[in-house]
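Colleague: Please take a close look at one single part of this model and explain it step by step for a first-year student.

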Amino acid sequence: MKMNISKCSFLGAPAVGKTTLLKLIAGKDISGQYIPTQGFDRGSIKIGKQSVCAWDFGGQKAFLPFYKQYFMGSDLIVVVTDSTPVNILQTKQLIKWARSINEDEKCNIIAIANKQDLPGHMACDRVANILGVPAYPMVATDRTNRDKMYEILKRHVNVNGGDD
Ligand SMILES: Nc1nc2c(ncn2[C@@H]2O[C@H](COP(=O)(O)OP(=O)(O)OP(=O)(O)O)[C@@H](O)[C@H]2O)c(=O)[nH]1
Ligand SMILES: [Mg+2]
């Protein structure tokens with residue numbers, strides 16, 4: 001019997017806000033200082049009736065080759081950018097990498113244009129244009145965005161009959 005679990009991978013450069021986004025969804029404290037994720041962390045999120053296994057991949061480039069085997073088979077890839085022009089271009093490269101690894105799998109890629117509260121951020125529609133994937137504006141450090149982030153995942157995770 002196929003279990004009703006999706007795999008959702010969070011990918012992005014260091015310090016763009018991946019771990020913060022996952023804490024936001026989980027309703028955890030998001031006020032702490034930056035602690036870089038070493039390797040990856042895994043956690044479970046409930047989206048409707050669906051259990052989603054969320055993989056939080058630390059952004060340091062040296063980890064990338066090591067990720068391949070863990071990253072394969074993602075149902076949804078959430079690439080996170082801090083919405084600066086330089087980082088958006090780095091993110092474009094990461095999307096290329098993600099596609100090259102998942103090319104045989106059908107998997108969705110979306111982007112979170114995070115840190116929309118900071119001066120100099122790029123507007124989300126421009127981020128979407130450059131990256132070529134659907135993008136959503138976000139401030140992960142604002143806990144009132146929890147429902148918004150939940151709805152984004154719900155829309156894109158392959159929810160089977162999970163209407164609530
Ligand atoms: N101003 C602002 N700061 C944010 C936002 N999202 C996250 N941060 C801060 O950015 C820093 C890095 O956040 P993390 O979530 O740890 O970043 P990460 O992408 O998991 O980084 P790695 O684990 O190194 O790959 C933390 O100090 C967060 O508080 C945001 O939307 N706006
Ligand atoms: Mg992290």
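Modeller: The answer below begins with the conventions and then turns to one pair of helices.

The model is predicted, so local features need pLDDT of at least 70 and side-chain atom pairs count only at pLDDT 80 or more, whereas totals for chains, interfaces and linings use all residues. Residues are numbered from 1 along each chain as its sequence is written, and chains are lettered from A and ligands numbered from 1 in the order in which they are written.

The chain holds five helices and six strands, where helices (H or I, at least four residues) and strands (E, at least two) are DSSP runs numbered from the N terminus. Their order from the N terminus is β-α-β-β-α-β-α-β-α-β-α.

The part chosen is the pair formed by helix H3 (residues 85–101) and helix H4 (residues 124–131), whose axes come within 10 Å and cross at roughly 40°. Axes are lines fitted to C-alpha atoms, for helices over the stretch in contact, and angles between N-to-C directions run from 0 to 180 degrees. H3 and H4 are therefore oblique to each other; angles under 35 degrees count as roughly parallel, over 145 as roughly antiparallel, 65 to 115 as roughly perpendicular, and the rest as oblique.

On the side of H3, the contact is made by Ile88, Thr91, Lys92 and Ile95, and on the side of H4 by Val127, Ile130 and Leu131. Two residues are in contact if their C-beta atoms, placed from the backbone, lie within 7 Å. Across the whole chain, 71% of contacts between residues at least 6 apart in sequence join residues at least 24 apart.
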